[in-house]
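Me: Got a minute to go through this protein with me? I'd like the fold first, then any pocket.
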Amino acid sequence: MGVSGQARVSQNLSRRCCAKIILVTGLLGPILLHSTEGNAQAEDMLIDDFSDPGLTSKLGSVWRGVSDQVMGGISQASVTREVIEERNALRLKGDVRLENDGGFIQAALDLSPDRGVYDASGFTGLRLTVRGNGERYSLHLRSTDNVRPWQSYRAHFTAGPEWEAIELPFASFTPYRLETALDTSRLRRIGLVAIGRAFSADLAVSELAFYR
């Protein structure tokens, strides 16, 4: 075989190798991407799936109901664990009343069983799966910077009649009655809240997690 023939053979082999590499890359690309997405989901931190009848969270702390009665209001709060459409859920119900400078009911959870600090700086925000009566609700965070009972960081969402997963990035939480920006490395408490106007609240949450 002459030099030109050898060159043609070499070129053909090179083209075949390139074609195989492209084919393999095309096949593996989606697999690798899918694997990465799966790992990202696995790295989320579950706060609660409400599987415990006593409302003890996956963090070891217990949910409790709070209302404006601690400051003289008359709103009524009910916090229960129920099975709704085959899902374990926390249910916050009650009438929010504005008399006596009141106006809220809440399901609250300390993020550490010993009421210490929880570092969530490695996450992007909070994901919750909710359903409700079409009203607007709030998710409140408290950190070591909240030194007054009325201070918090707040984000809002609407809970419709169908189960829906909602993501609330930390960047969407705004400080209420303080100037300090949210420091997610020093969180203390989280609250599911009906607040700010007179209405009948009915909110169910089947899962709550930090997401990356």
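Reply: Sure. One term before we count: helices (at least four residues) and strands (at least two) are DSSP runs, numbered from the N terminus. Also, this is a predicted model.

Me: Okay, so what does the secondary structure come to?
Reply: One helix and 12 strands.

Me: Where does the helix sit in the order of elements?
Reply: At the N-terminal end of the run: the order is α-β-β-β-β-β-β-β-β-β-β-β-β.

Me: And what share of the residues is buried?
Reply: Buried residues account for 39% of the 212 in the protein.

Me: How about contacts across the sequence, what share joins residues at least 24 apart?
Reply: 74%, counting contacts between residues at least 6 apart in sequence.

Me: Switching to the surface: what's the accessible area?
Reply: About 11,800 Å², and carbon and sulfur atoms hold 52% of that.

Me: Now the largest pocket. How much space is in there?
Reply: About 660 Å³.

Me: Which residues lie nearest its centre?
Reply: Met 71, Phe 104, Pro 149, Trp 150 and Arg 154, out of 25 lining residues.

Me: Which elements give two or more residues to that lining?
Reply: Strands S2 (64-67), S5 (104-110), S7 (136-143), S8 (152-158) and S11 (187-195). The largest share is from S11, with five residues.

Me: Last one: how does the lining divide into nonpolar, polar and charged?
Reply: There are 11 nonpolar residues, eight polar and six charged.

Technical notes: Residues are numbered from 1 along each chain as its sequence is written. This is a predicted model: local features need pLDDT of at least 70, side-chain atom pairs count only at pLDDT 80 or more; totals for chains, interfaces and linings use all residues. Side-chain values use heavy atoms; hydrogens and water are left out. Buried means under 20% relative accessible area, exposed over 50%, partly exposed in between (1.4 Å probe, protein chains only). Contact means heavy atoms within 4.5 Å. Accessible areas come from the Shrake-Rupley method with a 1.4 Å probe; for residues, only the protein chains shown count as cover. On a 1 Å grid over the protein atoms alone, a cavity is a set of points where a 1.4 Å probe fits but cannot get out, and a pocket is an open set with protein on both sides within 12 Å along at least five of seven lines; lining residues have an atom within 4 Å of a point. Grid points are joined across faces, edges and corners, and a volume is the space filled by probe spheres set on the points. Ala, Val, Leu, Ile, Met, Phe, Trp, Tyr, Cys and Pro count as nonpolar, Asp, Glu, Lys and Arg as charged, and the others, Gly among them, as polar.
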